[in-house]
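Subject: Structure handover and notes

Hi,

Here is the structure I promised to pass on to you. My notes on what turned up in it follow below, and I hope they make a handy companion while you look around.

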Amino acid sequence: MGRFAGWAVAALVGWLAAVPAHAQIDPRGALLERAGWDAIAAGQGAAAAKAFREALAADPKNARLHLGAGIAATLERRDDDARGAFERALALDPKLPRARALLGQVQYRLGALQDAIRTYEQVIVESPNDRDANATLDRWRREADLHDRMQRAIGSHFTVSFEGPAEADLAAQALDSLDRAYWRIGSVLSVYPTDPIPVVLYTTEQFRDITRSPSWAAGAYDGTIRVPMRGALDQSAELDRVLAHEFTHALVRTLAARNVPTWLNEGLATALEGPDLDWALKDVRAAGGAAPLPALRSGFGRFTGEQALVAYATSALAVKRMLDEAGGVAVANLLRDLGEGTNFDDAFLHRMQRSFADFQATVF
Ligand SMILES: [Zn+2]
């Protein structure tokens with residue numbers, strides 16, 4: 001699952017219209033601010049960031065401009081910058097609508113669960129009837145309670161959290177499996193992350209509650225690898241597959257925190273999770289053909305199980321072709337280009353040595 005995509009824009013679009021018009025003395029500043037909000041509404045993070053940066057240079061104590069800069073950073077997946085901007089906005093105007101909720105969301109994504117909970121407790125004080133905020137706070141508290149109870153197994157590249165002594169063997173097995181994935185997949189892409197990656201093993205119910213993943217999801221990655229310990233995980237091949245898949249998402253995230261089409265992210269994770277893609281060929285044939293890649297640009301969470309199967313199979317076959325034709329280093333470089341903001345078609349042509357249109361026409 002590519003759990004990073006989607007929440008930011010969804011969280012923002014609904015309330016943009018509620019941002020109050022502000023009596024600006026400096027007309028250029030007003031124009032820049034307007035351009036910033038328009039860019040945010042259009043999902044253009046880089047343009048928004050530039051507009052708010054310039055507006056702030058002239059008016060550094062304007063809380064709303066810091067809020068805009070924070071949202072722009074969120075769209076660009078610059079979470080640390082976003083956190084700083086929201087904090088500055090709130091320091092200047094503690095009552096700024098929605099800034100606190102956005103700060104909580106970004107704290108959660110940065111893995112600062114306790115900070116996120118404290119921030120949302122304040123959100124609830126200010127808006128006691130906000131049902132979404134109450135539900136989010138409840139979910140985060142359940143997650144914190146659960147994680148407090150958990151034990152940790154620490155390896156060189158991963159820390160695995162698990163609930164009780166009964167899962168200690170599985171946690172040790174998971175660490176071994178993750179280490180194998182680290183070297184195997186790292187060598188395909190020539191990428192070896194240095195920071196330890198957090199991994200949490202859940203029961204199926206805990207996993208659904210905390211990740212809100214669709215029922216077909218076998219794991220999730222949102223900065224933390226989260227895996228439900230279904231019966232299937234007792235089979236080591238299935239454990240290896242699920243962990244290798246989610247580890248690949250963690251790797252992709254180190255190369256590009258943004259701008260990665262879902263088919264590329266999921267295709268890489270799926271192509272590298274197991275020994276072969278015979279199943280994918282069969283699924284695509286059974287479905288009467290592959291899905292068009294442009295239809296697979298955004299999250300798969302909206303798909304039914306059957307649609308998801310074709311989406312994953314299509315993505316995996318496309319990425320396998322890229323790996324075979326251009327090699328893992330070229331694919332890693334394509335991801336780096338995308339993360340730095342290069343346009344997809346330009347980056348694809350440069351790194352794959354053929355146009356994306358040409359690739360699509362011949363890949364299946
Ligand atoms: Zn995935």
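A residue counts as exposed when its relative accessible area is over 50%, as buried when that value is under 20%, and as partly exposed in between. Please keep in mind as you read that this is a predicted model.

With that cut-off in hand, let me start with R212. Its relative accessible area is 53%, so R212 is exposed. You will find R212 in the loop between α10 (204-211) and β4 (220-221). What caught my eye there is the backbone: R212 is not a glycine, and yet it has a positive phi of about 50°.

A second arginine shares that trait. R77 has a positive phi of about 60°, again without being a glycine. R77 sits in the loop that joins α4 (63-75) to α5 (79-92). Is R77 buried or exposed? With a relative accessible area of 15%, R77 is buried, whereas R212 is exposed.

While you are in that loop, have a look at R78, which also lies between α4 and α5. R78 has a relative accessible area of 28%, so it is partly exposed. Leaving out neighbours within four places in sequence, R78 is in contact with A49, A72 and A73. For a link further along the chain, R78 and V106 are 28 residues apart in sequence, with 9.7 Å between their C-alpha atoms.

Now to the chain as a whole. Its secondary structure amounts to 17 helices and five strands. The radius of gyration is 22 Å, close to the 21 Å that the globule rule gives for 364 residues, so the chain is as compact as a globular protein of that length. Along the principal axes, the C-alpha atoms fill a box of roughly 65 × 55 × 35 Å. How much of the chain is buried? Of the 364 residues, 51% count as buried.

Contacts across the sequence are well represented too: among those with a separation of 6 or more, 63% are between residues 24 or more positions apart. The accessible surface comes to about 16700 Å², and carbon and sulfur atoms account for 52% of that area. As for charge, the chain has 40 positive and 46 negative charges, and the mean positions of the two sets are 4 Å apart.

Next, helix α17, which spans residues 356-363. Its buried residues are F356, F359 and V363. These cover an arc of only 55° around the axis, which puts them on the same side of α17. What do the buried residues of α17 pack against? Their partners are α12 (262-271), α14 (305-326) and α16 (344-352). The face of α17 turned away from this buried side carries the exposed residues A357 and A361.

Two more arginines are worth a visit. R297 lies in the loop between α13 (278-286) and α14, and its relative accessibility of 44% makes it partly exposed. Not counting residues up to four places away in sequence, R297 touches P261, T262, W263 and F344. One of these, W263, is 34 residues from R297 in sequence, while the C-alpha atoms of the two are 5.9 Å apart in space.

The other is R152, in strand β1 (residues 151-154). R152 is partly exposed, at a relative accessible area of 47%. Setting aside neighbours within four places in sequence, R152 is in contact with H147, V160, S161 and F162. R152 and A171 are 19 residues apart in sequence, and their C-alpha atoms are 8.4 Å apart.

If you have time for a single stop, I would open the loop between α4 and α5, where you can see R77 and R78 together.

Happy browsing, and do write back with your own notes.

Best wishes

Key
Residues are numbered from 1 along each chain as its sequence is written. This is a predicted model: local features need pLDDT of at least 70, side-chain atom pairs count only at pLDDT 80 or more; totals for chains, interfaces and linings use all residues. Side-chain values use heavy atoms; hydrogens and water are left out. Buried means under 20% relative accessible area, exposed over 50%, partly exposed in between (1.4 Å probe, protein chains only). Helices (H or I, at least four residues) and strands (E, at least two) are DSSP runs, numbered from the N terminus. The arc is that of the directions from the helix axis to the C-beta atoms. Contact means heavy atoms within 4.5 Å. The radius of gyration is taken over C-alpha atoms; the globule rule is 2.2 Å times the number of residues to the power 0.38. Accessible areas come from the Shrake-Rupley method with a 1.4 Å probe; for residues, only the protein chains shown count as cover. Lys and Arg count as positive and Asp and Glu as negative; His and the chain ends are not counted. The place of a charge is taken as NZ of Lys, CZ of Arg, CG of Asp or CD of Glu.
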